[in-house]
Amino acid sequence: MSNGSNRTIDPHCTGETPFAMDIILQLDIFGIILYSILTFMAAVSLLVFIEECVFIYKKVPANKKSVIIWVNGAAPVISTMSCVGLWIPKAIMFTDMTSACYFSIVVFKFLIMMLEEIGGDEAFLKRTGKHKLRISTGPCCCCCPCLPHVAITRRSLFLLKLGSFQFAILKIVFTILSIVLWTNKNFDLRNMEITGAAIWINPFVGILTIIALWPVAIMFMHLRTALLTLKIIPKYAMYQLVLILSQLQSAIINILALNGTIACSPPFSSADRGYMLSQQLLILEMFIIKLVTRLLYRRQYEPLPTEEQDDNENTKMVPLPDSA
């Protein structure tokens, strides 16, 4: 009698990722209903985003239109790419890379959006020039309250922008590099050996992600009271939720699948089933997030209070010491 270590393994559990037609032909009633509902959710997310873009172009000032549309597009883009990966499993690597590249741009655009909401770079420097930035915040230095506060200058503002912009550029560069290596069979997400390219590229991209999120967190902590009337806190919460679900959740599911924790279900291997589960969850989650963000962004913006009316901003801003 065979034991657990040498039990027979279904050939489908070790085979290649199935083609789209193979999945369609093997769908039962439950599968057809599930795929139809998820596709409908992805389509609705995209339609809501298009309608929101029309509203933004008509009602929002010109300097804010582009960044708000970029930030709003995170959920529908991820949902649409997940839907494509759901129907065409062999394309999941490319759809995930497309979603990740788009979100890397959203990280930078969210920082720019906060600056535009305050009035732009010049208005930000004029409004907050007498304060200092608190840099002891997540995800890098939340455990380091002893870090010195940094004066708000053009140089410090440039460094904050650069910290997020580098991720938007380097993420795309590493994605192109990954695709090039994949064509030469040197890049495989399932290959976690030390000689594989994925084991080196993915951790480095993770470090770049943390570095890029830090300036956004610093700026949010600095402006969250000033932008309270513009619902910046729930907007930031939705931005963080998209990050956690699209990056951390997917990574955890994929790691569990690669380790065999998620059971094989022909025609999907354990790894492929993990990828499919991740796509299904993302479509549902991004659909809900898109409906919430529509309520946050599709509205008439009220004028910001003047600095004199917003003195409680000092709870997160440190005034510069008087010069001797």
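Begin by selecting helix 5, which supplies three residues to the lining of the second largest pocket, the largest share from any element. The model is predicted, and the stops below should be viewed accordingly.

**The pocket.** With helix 5 still highlighted, display the second largest pocket, which holds about 600 Å³ of space. Its lining is made up of 18 residues; select Thr17, Met93, Trp182, Asp188 and Arg190, the ones closest to the pocket centre. Next, colour residues 92-118, which form helix 5, and residues 270-297, which form helix 10: these are the elements that each give two or more residues to the lining. Colouring the lining by class then shows eight nonpolar, six charged and four polar residues.

**From the pocket to a helix pair.** Keep helix 10 selected and add helix 3, residues 62-72. Which angle do the axes of helix 3 and helix 10 make where they cross? They cross at roughly 160°, and the two axes come within 11 Å. Because angles over 145 degrees count as roughly antiparallel, helix 3 is roughly antiparallel to helix 10. The crossing of helix 3 past helix 10 is right-handed.

**The contact.** Finally, show the side chains where the two helices meet. On helix 3, select Ile68, Val71 and Asn72; on helix 10, select Lys290, Thr293 and Tyr297, which they meet. By class, the residues of this contact comprise three nonpolar, two polar and one charged. Helix 10 thus appears at both stops of the tour: it contributes to the lining of the second largest pocket, and it meets helix 3 through Lys290, Thr293 and Tyr297.

Definitions and conventions. Residues are numbered from 1 along each chain as its sequence is written. This is a predicted model: local features need pLDDT of at least 70, side-chain atom pairs count only at pLDDT 80 or more; totals for chains, interfaces and linings use all residues. Side-chain values use heavy atoms; hydrogens and water are left out. On a 1 Å grid over the protein atoms alone, a cavity is a set of points where a 1.4 Å probe fits but cannot get out, and a pocket is an open set with protein on both sides within 12 Å along at least five of seven lines; lining residues have an atom within 4 Å of a point. Grid points are joined across faces, edges and corners, and a volume is the space filled by probe spheres set on the points. Helices (H or I, at least four residues) and strands (E, at least two) are DSSP runs, numbered from the N terminus. Ala, Val, Leu, Ile, Met, Phe, Trp, Tyr, Cys and Pro count as nonpolar, Asp, Glu, Lys and Arg as charged, and the others, Gly among them, as polar. Axes are lines fitted to C-alpha atoms, for helices over the stretch in contact, and angles run from 0 to 180 degrees between N-to-C directions. Angles under 35 degrees count as roughly parallel, over 145 as roughly antiparallel, 65 to 115 as roughly perpendicular and the rest as oblique. A crossing is left-handed if the near helix is turned anticlockwise from the far one by less than a right angle, and right-handed if clockwise. Contact means heavy atoms within 4.5 Å.
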